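Good morning, and thank you for coming. I would like to take you through a few places in this protein, one after another.

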Amino acid sequence: MKHLVLSLAVLAAFPVAAQAPSAAAPAAAAAVTASAVVRHHAALVHASYEDTLAAARAMQKAIAAFLAAPSQQTLAAARRAWLDAREFYGQTEAYRFYGGPIDDDDGPEGRLNAWPMDESYVDYVEGQPKAGLINDRRQPLTKQALIGLNERGGEENIATGWHAIEFMLWGQDLSETGPGNRSFEDFIDGKRPNADRRRTYLRLVTEILIDDLTALVRAWAPGVKNNYRAAFERGGNESLRKMLVGLGSLSRGELAGERLEVALASQDQEDEHSCFSDNTHRDAVANAKGIENVWLGRYQRADGRMLQGPSLRDLVAAKDAALAERTTAQIRRSVRATEAIQAPFDREILGGPDAPGRQRVQAAIDSLTQQSKDLVDAAAAIGITQLTLVQP
């Protein structure tokens, strides 16, 4: 979805769950407590934001090398680093939708991941060679200015975040078989107008993204007396409720709804999440994995280490083992269904109801929709009620 909640529905309660198919031995269900699940979840969130920040800093380094010496090789390296970092960020979206540090009233989500993007707000597009703030030399380019310009005058007027960086690295996607193909010469003085401003803009939006990810890592850092994590760890059942709201909302309202269903209905490339890089299929997989991470209380670190501990699944299994296993299996089916979606996504959504690509996308939507219902049942099993979920 665009970073905004489109509509809210107050739904019935959710229960909490046990663990998942994993090499690690499940926690003893009887021994698992709500406070243990909440504390472990906070550690998992911090670890995944740390990995995202590290990957984004590697991207920043690759972008700096590209800007210092624009070439096809340095541009390819910057693109690869963007794709690598997205794999980590996509998994963190399971921590949204309940007013946490990412999307409270002051949260950076709108600067980080807003979409869809009107490319002409930032730079030239086909048929409009002078479009965008980059080509308006009267417009100052500073971090403060770009933050203020983000979504000014309309939510598609996106000036910052992952997709602004993506657009600068790939350009418009005008191909039916691949991603955008912006030339590295766009960043070389004398080759393209306003190349200097293009370099400045890309450097600044990358710095803003790093700043916002750094703030999220701090918000979830351990041992800080007054940060968000400290309050979350004291939150008991309210923190469990937030965890389940995040999973249910991402499952149905955001991933199944805004990111897949809308594009399937419109068959319009402009409704594709990462449309410039053709990375939408991987965005869906990362989101589905993020849901599974939270449910199972596990996360594989960038260095390969597995972080595993008390989970929602464990809590639910202590109340209803069959429901916990059913939910676990459904979440795993959703991961597999998203993995089956093929690139480029803008080709998958075309054709009639019987088109193989559309059937693959619909299968993912159906699995995620059922998953959200199972999560509601799971929440109810552990006595979590008054869930407010984002609906499509």
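Let us begin where two helices meet. Ala34, Val37, Val38 and His41 in helix 1 are in contact with Asn237, Ser239, Leu240 and Met243 in helix 8. Sorted by class, the residues of this contact are 5 nonpolar and 3 polar, with no charged residues. Please keep in mind that the model is predicted.

How do the axes of these two helices cross? Helix 1 covers residues 34–68 and helix 8 covers residues 237–266; their axes come within 9 Å and cross at roughly 55°. An angle of 65 to 115 degrees would count as roughly perpendicular, and one under 35 degrees as roughly parallel. Helix 1 and helix 8 are therefore oblique to each other. As for handedness, the crossing of helix 1 and helix 8 is left-handed.

I turn next to Tyr201, which belongs to helix 6, residues 195–219. Is Tyr201 buried or exposed? Its relative accessible area is 0%, and because buried means under 20%, Tyr201 is buried. Which residues does Tyr201 touch, once those up to four places away in sequence are set aside? The list consists of Val122, Leu133, Ile134, Leu141, Leu146, Ala159, Thr160, Ala164 and Met168. For a sense of distance, consider Tyr201 and Leu255: they are 54 residues apart along the chain, and their C-alpha atoms are separated by 30 Å.

The third stop is Asp346, in helix 12, which runs over residues 345–348. With a relative accessible area of 2%, Asp346 is buried. What does the side chain of Asp346 join through a polar contact? The partner is the side chain of Gln269, at 2.8 Å. Gln269 also appears among the residues that Asp346 touches, together with Asp173, Glu272 and Asp278, when residues up to four places away in sequence are not counted.

Finally, Thr280, which is placed in helix 9, residues 280–296. Thr280 has a relative accessible area of 3% and is therefore buried. Leaving aside neighbours within four places in sequence, Thr280 is in contact with Glu272, His273, Ser274, Cys275 and Phe345. Glu272 links these last two stops, as Thr280 is in contact with Glu272 and Asp346 touches Glu272 too. Phe345, another contact of Thr280, falls within the range of helix 12, residues 345–348.

That concludes my presentation, and I would be glad to take your questions.

Conventions
Residues numbered from 1 in each chain as written. Predicted model: local features only at pLDDT ≥ 70, side-chain atom pairs only at ≥ 80, totals over all residues. Heavy atoms only, no water. Helix = DSSP H or I, 4+ residues; strand = E, 2+ residues; numbered from the N terminus. Buried < 20%, exposed > 50% of the residue type's maximum accessible area, 1.4 Å probe, protein only. Contact = heavy atoms within 4.5 Å. Polar contact = N/O pair within 3.5 Å; in protein donor to acceptor, adjacent residues only side chain to side chain. Axes fitted to C-alpha atoms, helices over the stretch in contact; angles between N-to-C directions. Parallel < 35°, antiparallel > 145°, perpendicular 65-115°, else oblique. Left-handed = near helix turned anticlockwise from the far one by under 90°. Nonpolar A, V, L, I, M, F, W, Y, C, P; charged D, E, K, R; others polar.
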